[in-house]
Amino acid sequence: MFPHLLSPVRIGTLELRNRIAMSPMGVEIVDDDGVLRERMIRYYEERARGGAGLVISEVAAIAYPRGATTAHQIAISDDRYLPGLAELARRVHAHGAKLALQLVHHGKVSRLDQKQGRELLMPSEPRWHGAMDMARDLTREELGAMIAASGGAPPKIRVATREDIAWLVDRFADAAERARRAGADAVELHAGHGYILSEFLSPAWNHRDDEYGGPVENRARLLQEVIRACKQRAGEDFPVWCRLDAVELRTPDGIRFEDAQRTAELAEAAGADAIHVSAYADSTSGPAFTEAPLVHRESGYVGYAEGIKRRVRVPVIAVGRIEFELADRLIAEGRADVVAMARKHLADAELGRKLAAGRPQDVRPCVYCYTCVAQPFFDRRVRCAVNPVTANEIDLAMLERAKAATPRRVLVVGGGPAGLEAARVAARRGHSVTLCERADVLGGALRLAARTYEPNARLLRWLEAQVRDLGVSVRLRATVTPALARELAPDVVVVATGARRDRPSLPGAELPHVLTGDDLARVLASDDPPVGARVAIVGAALAGVSLAELLRARGREVTLLDEGPTLGAAMAHPRRWRALADLREQGVALVANARVRVIGAKSLHAVVEEKVAARELEIAADHVIWLAGWTGDAALAESLRAEGVAPALVIGDAGGVGYLEGAIHSGFHAAIRI
Ligand SMILES: Cc1cc2nc3c(=O)[nH]c(=O)nc-3n(C[C@H](O)[C@H](O)[C@H](O)COP(=O)(O)O)c2cc1C
């Protein structure tokens, strides 16, 4: 399996055991002084141990705190950072992987400079400021946290002088030399994503009239100088490569692919040992973010990697939501040499090792929910919705792997994501686990979510298979009562019975065309749900937004309403940006601050709070799908406790609606406590 992806490869003098790279990710695990300590080292070590051939670090700041985007990023600007960097290299090497440090000056995106009152270094005065539509669809809390991350003061720009350019070249070279002294195997120059090197490359940001501006050969001059200087200082044999944007989307005069191809040639001519092909889009625009660099479309940049590979002789690293089968094929067909994976490595640190063992089905799938990347916007540590160990390796990695001191009999009640995760982790830790599910299939709320969003289906299949392989005894159509629980005689009960999804109490709620709770499973069972031409969905959490997408795609006229001011507030904001932009484009009517008052046979009556006054709204609807007002439901736990059956832990939506991340994390944490 995957013979090409798993075959060794050389980048310059660097030999990799396979062609799987952990793509660079700024994860804000470092404390606020740029120093690498155990928490961050363990995060990387788990990925090296997990089988990646190449670990590329997050953005390491070459002039920290200058040119940094957060205080919580790796610094590589001084020898006081050497011990941490050296320990990182040692620990990555101990597992047979290689380490490249990604070097950066963030240019116009140096939030830390802005926060600390310094000027932002740019090639020239900006003539365009971006679409600036990020605030749309954010909650007030999110907007506040984002502003706080940059300090909120308007940015001051410093146009790079000759001295600044010389200083930049020197800082990059100094960092490359330090990387080598630390024992790292290579450096990747970040020449993409709107940071300083890419600003020079981009005609949208570079309006200089000296030899660093104008034609692409001039715009690439700084990158070439940096590559040469890094080689000179760190040694010609030390691998140095760059990450480039193949395109700069939604940006007037942004980088075009032809420019990127030429830049790749120029980088190679200056000595680059590889080209890593990413992309960028207007960073002031919300929906743009999921086009680049966090591409939502599967294998969205593969064509770019291929197009650059045709123009250079050095290896090309491809990235962008690339699945394993395709990764193998890209290499087999000579369309890329190494495949970098970012989000997949957060979801499963062991993906390389599992592929090498011929068990791709064991890799926990990323669900592309954007929980991870939402956090750095707020200057907060990364989280993974499906992998609670991510960023907590120091505390949790061993606990998850270790066997429990005393094997127990565990009864898990409810086979949704929380129950499945609790059963999985408890069984893995050596407990004897029985899982009872009232329905005739596993999945609970995740089964609904899987019908509207395919990556969720992969996660459900993974959870089901893991639970089965670990020998959990699964009983379907089994409603647990205190009597049944007593009969099963568990030492511990884990209650994962999900949320209550009651009918609302308002006039018309009992009408047959109002669908809620368990009706939904029936409605979603068929590919084209049996609902009329006009559908009103009440409740715009994840389920409501996904269902609106699905029904619109099936040709329905859809109105999506929510009581709150931000639709999709429960989704991580990058995914919300994307989803709401798509819904608007597809003509779904979105109504925030809406309180439904009455449901009629063919319409629904709501009151919408607006800035000045409330407005009455009549919405035509053949069906009303009610997804609002879900509440936790710990009734079973209470009756088990009252009857003294066994200690009961409540997890998932039963303990308060927490969606997928809440479900998985609470299931995991319950299981490691047993
Ligand atoms: C949490 C997070 C942080 C990221 N930080 C960086 C970074 O520091 N440097 C960088 O070049 N790309 C960064 N990226 C982009 C990834 O390296 C990668 O290009 C992108 O996620 C697409 O790959 P994927 O589909 O495999 O996730 C980040 C992505 C994520 C999810």
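**Reading a predicted protein–ligand model**

Tutor: Welcome! The accessible surface of the protein chain comes to about 25,100 Å², and carbon and sulfur atoms hold 50% of that. Such areas come from the Shrake-Rupley method with a 1.4 Å probe; for residues, only the protein chains shown count as cover. This is a predicted model, where local features need pLDDT of at least 70, side-chain atom pairs count only at pLDDT 80 or more, and totals for chains, interfaces and linings use all residues. Residues are numbered from 1 along each chain as its sequence is written, and side-chain values use heavy atoms, with hydrogens and water left out.

Student: How many of the residues of the protein chain count as buried?

Tutor: Buried means under 20% relative accessible area (1.4 Å probe, protein chains only). Here that applies to 62% of the 674 residues.

Student: Which residues are closest to the ligand?

Tutor: A residue is near a molecule if one of its heavy atoms lies within 4 Å of it. In this model 19 residues surround the ligand, and the closest are P24, H190, R243, R321 and R343.

Student: Where are the polar contacts of the ligand?

Tutor: A polar contact is a pair of N or O atoms within 3.5 Å. A ligand oxygen is 2.6 Å from a side-chain N or O atom of R243, and one is 2.7 Å from such an atom of R343. At A342, a polar backbone atom is 2.9 Å from an oxygen of the ligand. Taken alone the ligand exposes 610 Å², and the protein buries 95% of that.

Notes: A polar contact is a pair of N or O atoms within 3.5 Å; within protein, one must be able to donate a hydrogen and the other to accept it, and residues adjacent in sequence count only if both atoms are side-chain atoms. Buried means under 20% relative accessible area, exposed over 50%, partly exposed in between (1.4 Å probe, protein chains only).
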